Amino acid sequence: MPLVAIKPAQASAPAKIILFGEHAVVYGQPALAAPLSSLRATATAVPAPEGAGLTLEVSDLGERLILRPGELPPSHPLARAAALCLDTLGANEVDLTLTVRSQIPIASGLGSGAALTAALMRALSGALGVSLPDDQLNGLVYEIERDFHGTPSGIDNTVVVFERAIYFVRDERPALLTVGQPFSLLVADTGVRSSTKAAVTGVRELVEANPGEALAWIAAIGAISAQARPFIASGAVAALGPLMLENHRLLQLLSVSSPELDHLVLAAMAGGALGAKLSGGGRGGNMIALCASGSEAQVAESLRAAGAQHVLTTRIEAHE
Ligand code: PMV
C-alpha cells in the first residue's frame, strides 16, 4: 500500500545569468545575478499504478530511471534529487511518474542543473501535497549542486529558486537587488559546451600557483560587483557598461574566457553595446551584452554575424 496519496502536479524554474562576479563569488566576493525567466526547466508528476515506485523520465535526454524504495542514493543527479526530496518530506514509498524537460542548454553557464533540480523538487512536493518553502527548497537544491558540481558558491540555486535579481555573498543571506530603471540585456550562446567544475578547478589552480596575483584579480571583481549595485539601484544603467568590460578582462586573466567568448564580446561592442562580458562558468557557454534602449536589434545582428548560436533578449525589471 502506498503511504501517500498522489495528485498530478506541475512546476518550473528559470535559467539564470550572472551580471557581475562569477568565480570571484566562490572566494567570498559579492556577485549579482538575475533570472532568465523565458528559458525554463519543467517537471510534471502524475500518479502511477500501485507498486510501480517512482519513475523519472528525463525526456530531452531520452533517459528513464526507476527509483525503488530502500535503494541506495542513485548516482544520477536528478534521481538523487528525487530521493533527497522524498526523504526530506518523509515519503519514501510513492507510486508516481515524474517527467522532466528543459529549454535551458546544459553546460552553458545558465544554471540548467539547478533549474532542473528545483522544478523536479517543486513538482514532487506538489504531488505529495506537502509544502516546500523556497528557503528549504534552496537548501536542498544546493545540496545536489554540491554533490555533483564540486564547490558551488550557492548563487545558482538561490537565483533560480527565488526568481529575483539578487546581490549574493557566499554563506550570507542573499539580498534582493533594487533596480531603479528596467534595462535590457542580450544573452548570446557561443554554442561551445563547457564544464563549470573544470573552469572552477582552473581558477583554483591559478590561485594555488600564484595566490598574490590571482586573489588580487578576484578582489577586483568583487569591487566591481560592489560598485555596480548602487548604479543598478539608482538607474545609472550606462555606468554598468565599462564595469562589464573590466569584469570580462579580469575573467580573461583568471583563464575562464575563450576565443569564442572574446569574439562575441568584441562583436557586441562593435554593434553598439554599452558593455559585454561572459556570464557563468565561462570557457564557452553564454555571454551577456548591455544595450542602450533601441539598440538591441543592431547588437543582436552583430552577435549573430559573429557566430552566436542563439541570441535572447531579457529585461531586468524595476524593483524597490
Ligand atoms: O556555469 P554556471 O551556470 O553553473 O555558473 C557558475 C558560477 C560560478 O561562479 C563560476 C561558480 C559558482 O559556484 O558560483
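**Reading a predicted model, feature by feature**

Reader: I would like to begin with D171, which is found in the loop between β6 and β7. What is the phi of D171?

Author: A good place to start, with the reminder that this is a predicted model. The general idea is that most residues other than glycine have a negative phi. D171 is not a glycine, yet its phi is positive, about 65°.

Reader: Is D171 buried or exposed?

Author: The cut-off for exposed is over 50% relative accessible area. D171 has 75%, so it counts as exposed.

Reader: Which residue other than glycine can I look at next for a positive phi?

Author: Try A107, whose phi is near 50°. A107 sits in the loop that runs between β5 (96-102) and α2 (112-128). Its relative accessible area is 33%, so A107 is partly exposed. A glycine can be added to the set: G307, which follows α9, has a positive phi near 105°.

Reader: Back to the loop of D171. Where is V169, and is V169 buried or exposed?

Author: V169 also has its place in the loop between β6 (166-168) and β7 (175-176). Buried means under 20% relative accessible area. V169 has 12%, so it counts as buried. Setting aside residues up to four places away in sequence, V169 touches G28 and P30. For a sense of distance, the C-alpha atoms of V169 and A83 are 29 Å apart in space, with their positions 86 residues apart in sequence.

Reader: How far apart in space are F183 and S293, C-alpha to C-alpha?

Author: These two are 110 residues apart along the chain, and their C-alpha atoms are separated by 7.8 Å. F183 belongs to strand β8. At 6% relative accessibility, F183 counts as buried. Its contacts beyond four places in sequence are I232, V237, L240, L290, T314, R315 and I316.

Reader: Now helices. Which residues of α9 are buried?

Author: A helix can be read by asking where its buried residues point. In α9 (residues 296-305), the buried ones are E296, V299, A300, S302 and L303. Looking down the axis of α9, these fall within an arc of 160°, so they line one face of the helix. The face turned away from that buried side carries the exposed residues A297, Q298 and A305.

Reader: What covers the buried residues of α9?

Author: The cover includes β8 (183-189), α8 (259-270), β10 (286-290) and β11 (311-316). You have already met β8 as the strand that holds F183.

Reader: What does N138 touch, and where is its place?

Author: N138 is placed in helix α3 (residues 134-149). With a relative accessibility of 12%, N138 counts as buried. Not counting residues up to four places away in sequence, N138 touches N157, T158, V161 and F162.

Reader: And for a strand, which residues is T55 in contact with?

Author: T55 lies in strand β3 (residues 54-58). Once neighbours within four places in sequence are left aside, T55 is in contact with R64, L65, I66, L96, T97 and L98. Its relative accessible area is 7%, so T55 is buried.

Reader: On to the ligand, my favourite part. How many residues surround the ligand, and which are the closest?

Author: There are 16 residues around the ligand, and the closest are K16, H23, S153, T196 and G281. To read polar contacts, check which atoms of the protein and of the ligand are paired. A polar side-chain atom of S153 is 2.5 Å from an oxygen atom of the ligand. For T196, a polar side-chain atom lies 2.6 Å from a ligand oxygen atom. With H23 the partner is a backbone N or O atom, 2.9 Å from an oxygen atom of the ligand.

Reader: How much of the ligand does the protein bury?

Author: Taken alone, the ligand exposes 380 Å², and the protein buries 92% of that.

Reader: Last topic: how many disulfides does a search of the whole structure find?

Author: A disulfide is a covalent bond between the sulfur atoms of two cysteines. Here the search finds zero. You can still look at the cysteines themselves: C85 is buried, with a relative accessible area of 0%. C291 is buried as well, with a relative accessible area of 5%.

Technical notes:
Residues are numbered from 1 along each chain as its sequence is written. This is a predicted model: local features need pLDDT of at least 70, side-chain atom pairs count only at pLDDT 80 or more; totals for chains, interfaces and linings use all residues. Side-chain values use heavy atoms; hydrogens and water are left out. Buried means under 20% relative accessible area, exposed over 50%, partly exposed in between (1.4 Å probe, protein chains only). Helices (H or I, at least four residues) and strands (E, at least two) are DSSP runs, numbered from the N terminus. The arc is that of the directions from the helix axis to the C-beta atoms. Contact means heavy atoms within 4.5 Å. A residue is near a molecule or strand if one of its heavy atoms lies within 4 Å of it. A polar contact is a pair of N or O atoms within 3.5 Å; within protein, one must be able to donate a hydrogen and the other to accept it, and residues adjacent in sequence count only if both atoms are side-chain atoms. Accessible areas come from the Shrake-Rupley method with a 1.4 Å probe; for residues, only the protein chains shown count as cover. A disulfide is a pair of cysteine sulfur atoms within 2.5 Å.
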